[in-house]
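Trainee: I've got a structure open and I'd like to practise reading its aromatic rings. Can we go through it together?

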Amino acid sequence: MLEKVLIVEDEVHARSGLTELIESWGYRAECAADGMEGLEKAVSWAPAIVVTDLKMPRMDGMELLNRIGELPQRIAVVMLTAQGSIESAVDAMRMGAYDYIPKPVEPNRLKTILHNASRQREADAELEATGRQLRDTGVLGPMVGSSPQMVDIFSMIERIAPSNVSVLVTGESGTGKELVARALHDLSARRLKPFVAVNCAAIPETLIESEIFGHEKGAFTGALERRAGCFELAEEGTLLLDEIGEMPMATQAKLLRVLEDRKLRRLGSKIETPVDVRVVAATNKDPEKAVSSGELRGDLYYRLNVFNIQMPPLRDHLMDVSAIAEKMIDDMNERHHCTVAGLKDSLMTRLEGYKWPGNVRELRNTIERAVILAGSGMLGIEHLPPHFGEPGFAPPEQSWRSGGVCCFASGALRGCSATFG
């Protein structure tokens, strides 16, 4: 059965034109002249997708979005916005809109959005199953936690993953920010497409624009061939911009334009290329302080911060240490061909009494060292670093500031790192 799309637009010619266009792509289309009529048809006709104008008589697009969100069936809402009303579009996405598209509507972009919204419906059953797993076991993909803080974060991820909304993930180094981006990707319709991570702090300022946006042959000295950037590598998938606060201001301005126009221009090119990428940004800085100090553009922060997921330091949810450590042991057994069975109670007490300045990354490094030393059996205090947890103990910073990117991911980001599926 063809997917049903409802077009809600008060301007007659725009309404009929959109209806004919969407029908030509193979959808079943109906239309409504304002939000009130649109709500009535949403209830009676039960469309999968609603494409609605923002400004309309009787009931505007925001109110329609709110009322559709109260319906029992899941409906993806795409907002049509006039030029210059990006702020309203961001507000709509915070309220639950799937995506937005500026007027005049670009057919190819609308077609892509409708296609992605349709794919998301196929992912909903898997999302529901994952939600049950979360409620039953306190696990979300590679993330583990049953503390109130982590359950709230898992619920937020579960709620916003199906949308196309940008997300800003904040928290101290080593708290697992990349895992949040990965979970958002895996629970969305984009999960079979690339997940690309780029560490903005690890790329020289002279090369970062080329890494992110790509370049043409001869664009600069040393550009011997055409190269796709991270946006193109992540086409139809998800792009994680880690340490966004380290990105040069000029690059931030270009990034903002790509986010708003959904088009990019490679260095040295005169042609803009459409891109379909969900962007997740991460930083270990306080973003508002970074804006005040001039390290982060205020308009970029507003555009990225549609939703903010704040990862707590491990010292604030020590009750999760045991479950996280057990998951890490399974991971390390497989990686290093060991047969460690678990942790002794004395070791568990020591781990739960430590403040973990390097957060989950430091815990991972500690468990990895212990598993390799033990090889088999139960891990004990004797497998910890000398004087671990004793007064005055301070681990070398490089032991948890370098190495893994986050909780159960391996390898520091260097330029673009892409995975598929």
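Trainee: Which charged end sits over the ring of Y100, 5.4 Å from its centre?
Mentor: Keep in mind that this is a predicted model. A charge counts as over a ring if it is within 6 Å of the ring centre and within 35 degrees of the ring normal. The ring of Y100 has the charged end of R109 over it at 5.7 Å from the centre. The one at 5.4 Å belongs to R262.

Trainee: How many aromatic pairs does a search of the whole structure find?
Mentor: Rings pair if their centres lie within 6.5 Å. Going through the whole structure that way, the search finds four.

Trainee: Is the pair of F213 and F231 stacked or edge-to-face?
Mentor: Planes under 30 degrees apart count as stacked, over 60 as edge-to-face. For F213 and F231, the centres are 6.1 Å apart and the planes differ by 10°. That angle is under the 30 degree cut-off, so the pair is stacked.

Trainee: Why does F231 count as buried?
Mentor: Buried means under 20% relative accessible area. F231 lies in helix 9 and its partner F213 in helix 8, 18 residues apart. F213 is buried too, at 4%. F231 is buried because its relative accessible area is 1%.

Trainee: What kind of pair do W356 and F388 form?
Mentor: W356 is buried at 0% relative accessible area, and F388 is buried at 2%. Together with Y354, they form one aromatic cluster. Their centres are 5.5 Å apart with 50° between the planes, and the pair is tilted.

Note on methods. Residues numbered from 1 in each chain as written. Predicted model: local features only at pLDDT ≥ 70, side-chain atom pairs only at ≥ 80, totals over all residues. Heavy atoms only, no water. Phe/Tyr/Trp six-rings, centres within 6.5 Å; stacked < 30°, edge-to-face > 60°. Helix = DSSP H or I, 4+ residues; strand = E, 2+ residues; numbered from the N terminus. Buried < 20%, exposed > 50% of the residue type's maximum accessible area, 1.4 Å probe, protein only.
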